[in-house]
Structures are given as C-alpha cells and as structure tokens.
Amino acid sequence: MHIGPADRVFVLTGAGISAESGLPTFRGPNGLWRGHRVEEVASPIAWARDARLVWTFYSERRRKHRTVEPNPGHHALVQLEGALGERFFLCTQNVDRLHEQAGSERLVHMHGKIFQSRCERECSLPPFDDDWTLEGEAAIPRCPCGGRIRPHICWFGETPFELERIFAELSRSTIFLAVGTSGVVEPAASFVRFARRNGRVRTFYVGPEEPANAASFDEVFLGPSGEVLPKLFRVEQDFSPAEKAPQ
Ligand code: BV8
C-alpha cells in the first residue's frame, strides 16, 4: 500500500488484530462466553439483571489480558505511526491494551478499556485505572456516592467514546484501513462509508475473511494481520529542499 507525503491514514482495528496474541474474537467459532453472545453480557440490561455475571465476564477477561503480548500486527502499526506522525490516527474497537503495550500513542478506544472502571451513576467520580477482579462471594465495590463500580466499557445500547474526534479524523483522511473487524457492530461498521464521503479516500481491509461491509473497500488483503501488516506499507517520505541533507 503506497502512502504519499500528503496522505493522512485512519486505521480502525477490531478483535481480529488481537487474535494472534491469544485473545478470542467475538463472533468467531469460539465467540460465545458460557453460551452467551457478547451482546447479551455487555449491556446495561445484563448489568441491571445480573451485575455479578457481568463482573465475572470482565474479571475472566482481565485475568486473560494480563498474560498476553502484542503481535507483529500491533508493532507494524506503531512503525507506521512513527513514519507518519500526526498524519496517522488509530481508532480501536478493542478494550485490550495491546496497542499501548506495542507503543501506539495516537490512539482512541471507542469502546473503552478493560482495565478501567467507573461508578454506575453519573456522579463526580471519574473513570479510573482498575484491575480488580470478582473473586468468590466478594461484594461488588461501591463508589463513595453509593453506586456500584462497573467496567468503563461502552456496552451495546450505549454511546461510544470520542466520536467527535473520530469523525473529524475520518473527514480528513485520505487512506482508511480496517483491520480484523467483522463489520457488524455500529457505528464502527459505517466509518468506512463515512470516510468515502470526503471523495478522496482510498479504503483497505486486512483480515482472513471478507467483512460484512466488504463492498465499501477498494481493496481487501486476505490473511492474518500479524503476517499482512508488516509487509503492507510503503511510505514515501517528502524530503523537500529545506530538509535535504547539506551537500
Ligand atoms: C450505539 C465492548 C448509538 C464490549 C463492544 C439493535 C438493538 C440494540 C442496538 C443495536 C441494534 N442494532 C444495531 C444496534 C447498535 C449496536 C450494534 O451495532 N449491534 C450489533 C451487534 C447489531 N451498537 C451499539 O449499541 C453501539 N452504540 O449504537 O449507540 C449511537 C450510534 C452512533 C452515534 C451515537 C450513538 C455500541 C457498540 C459497542 C458495543 N461494545 N465492545 C466488550 O468488548 O466487552 S463491541 C464488541 O464488538 C467489541 O468491542 C468488538 O471489538 C466489537 C466489534 O467486533 P469485532 O471487533 O469486529 O470482532 P468480531 O469478533 O465481530 O470479528 C473479528 C474479525 O477478526 C473477524 O472478521 C475475523 O475474520 C477477523 N480475524 C480473525 N483472526 C484474525 C482476524 N483479523 C486479522 N487477523 C487475524 N489473525
């Protein structure tokens, strides 16, 4: 994929980029958790009905997430960010911290972060880093306001985070790259169509199978992201006269 000196790259990642690090995806063969689809457990309704079940779900994922490492796909995106600087923007649907562990900085987590919690009420307590896990009959921690502590995650039916910044970056992107996402969950699945509205964007997808929104991509690179991404980018640097090395 050729990236020119004026290109601005928007990358959207999903669960697939973390699959080679050992984190299961949501809708693949092992996509169910104790027979539940993620939509059934990651929702305000599930929280109201059975908060301990929800904390059991997230506690098991926190324990698993402590043990995993980034894979070559994450590292390839860090290298691209290094080459492009502020012309690079990464929006992840994932709640894991593998992008940060690999070194990504220009990154937003539109669905939140597995190692952050917040009060279930709209009180003054801001979201906070937290790797608490529910053990045995322990009580769910309480906020000083009396509310229960919940994962700081965007559940189904809730509004994703950082949408204003995401749409601003989409509007000025000239390359849109989606990696490892089935193109099922909204609004992320529509970002590629939104980007195309600016009329000058090239759109690409990387993953082992075509996503549901494949028709919106100019080119699909089939394969695992850990193998495809490290070989994908060809960045053309702009050594304008001011920057040419002295003769
Ligand atoms: C919203 C946090 C309004 C949880 C997540 C009916 C009723 C109620 C709601 C809706 C409805 N119809 C539509 C909706 C909206 C709903 C939605 O889209 N539902 C779907 C299921 C139909 N969306 C919402 O509710 C969103 N909020 O709409 O608010 C709004 C809208 C716009 C503006 C303002 C307000 C909130 C959605 C967020 C839900 N939370 N995560 C948690 O993680 O615990 S979503 C969850 O799914 C994960 O974050 C995950 O990242 C995300 C998307 O899944 P994918 O990442 O795509 O993962 P998936 O398993 O599906 O696919 C993996 C892919 O990887 C596959 O394609 C596979 O081929 C590929 N792969 C496998 N191996 C590899 C690989 N790729 C590369 N390399 C490999 N090695």
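**Entry 1: the antiparallel sheet**

I started at Ser117, and I found Pro151 of E7 standing opposite Ser117. I note here that the model I am reading is a predicted one. The next thing I looked up was the pairing of the strands. Strand E5, residues 112–119, pairs with E7 in the antiparallel sense, and I counted four bridges in that pairing.

Then I asked in what order the strands of this open sheet stand. The order is E6-E5-E7, which makes three strands with antiparallel pairing. The edges are strand E6 (128–129) and strand E7 (149–153); each has a single partner strand, so one side of each has no neighbour in the sheet. I reminded myself that strands of a sheet pair through backbone hydrogen bonds, either parallel or antiparallel.

Which helix lies across E5 and E7? I found helix H3, residues 51–65, and noted that H3 runs at about 135 degrees to E5.

**Entry 2: the parallel sheet**

I went on to an open sheet of six strands, where the pairing is parallel. I wrote down its order as E4-E3-E2-E8-E9-E10. Why is one side of E4 and of E10 left without a neighbour in the sheet? Strand E4 (107–109) and strand E10 (219–222) stand at the edges and each has a single partner strand, so one side of each stays unpaired. On average, neighbouring strands of this sheet are turned by 15 degrees against each other, direction ignored.

I then followed one pair inside this sheet. Strand E8 (residues 175–179) and strand E9 (residues 202–207) are joined by five bridges in the parallel sense. Two bridge partners went into my notes: Phe176 has Thr203 in E9 as its partner, and Val179 has Val206 in E9.

Is E9 mostly covered or mostly uncovered? I found E9 mostly covered, with five of its six residues buried.

A helix also belongs to this entry. Helix H4, residues 72–84, lies across strand E2 (9–13) and strand E3 (88–92). The angle of H4 to E3 is about 150 degrees.

**Entry 3: Gly207**

I picked Gly207, which has its place in strand E9. Its relative accessibility is 2%, so I entered Gly207 as buried, the cut-off being under 20%. Which residues does Gly207 contact, once neighbours within four places in sequence are left aside? They are Phe221, Leu222 and Gly223. Leu222 is 15 residues from Gly207 along the chain, and the two C-alpha atoms are separated by 5.2 Å.

**Entry 4: Arg8**

Next I looked up Arg8, in the loop between strand E1 (2–3) and E2. Arg8 has 16% relative accessibility and therefore counts as buried. Not counting residues up to four places away in sequence, Arg8 touches Glu86, Arg87, Arg172, Ser173, Thr174 and Ile175. I also checked Arg8 against Gly207: they are 199 residues apart in sequence and 22 Å apart in space, C-alpha to C-alpha.

**Entry 5: cavities**

How many cavities of 30 Å³ or more are there? The count is two.

The largest has a volume of about 50 Å³. Among the residues lining the largest cavity I noted Phe176, the residue whose bridge partner in E9 is Thr203. Others in that lining include Leu12, Gln93, Ala188, Asn213 and Phe217. I sorted the lining of the largest cavity into seven nonpolar and four polar residues, with no charged ones.

The second largest cavity holds about 30 Å³ of space. Arg8 turns up again here, in a lining that also has Val9, Phe10, Arg87, Phe89, Glu169, Arg172 and Ser173. This lining divides into three nonpolar, one polar and four charged residues. Arg87, Arg172 and Ser173 were already in my notes as residues that Arg8 touches.

**Entry 6: backbone exceptions**

Last, I looked for unusual backbone geometry. Most peptide bonds are trans, and most residues other than glycine have a negative phi. Which peptide bond is cis? I found the one from Glu186 to Pro187, with omega near 0 degrees. Pro187 lies in the loop between E8 and helix H7 (191–196).

For phi, I looked at Glu162, where the value is near 60 degrees, positive in a residue other than glycine. Glu162 has its place in the loop between E7 and helix H6 (163–171). With a relative accessible area of 42%, Glu162 is partly exposed.

Key:
Residues are numbered from 1 along each chain as its sequence is written. This is a predicted model: local features need pLDDT of at least 70, side-chain atom pairs count only at pLDDT 80 or more; totals for chains, interfaces and linings use all residues. Side-chain values use heavy atoms; hydrogens and water are left out. On a 1 Å grid over the protein atoms alone, a cavity is a set of points where a 1.4 Å probe fits but cannot get out, and a pocket is an open set with protein on both sides within 12 Å along at least five of seven lines; lining residues have an atom within 4 Å of a point. Grid points are joined across faces, edges and corners, and a volume is the space filled by probe spheres set on the points. Ala, Val, Leu, Ile, Met, Phe, Trp, Tyr, Cys and Pro count as nonpolar, Asp, Glu, Lys and Arg as charged, and the others, Gly among them, as polar. Two strands pair if DSSP finds at least two bridges between them. Axes are lines fitted to C-alpha atoms, for helices over the stretch in contact, and angles run from 0 to 180 degrees between N-to-C directions. Contact means heavy atoms within 4.5 Å. Buried means under 20% relative accessible area, exposed over 50%, partly exposed in between (1.4 Å probe, protein chains only).
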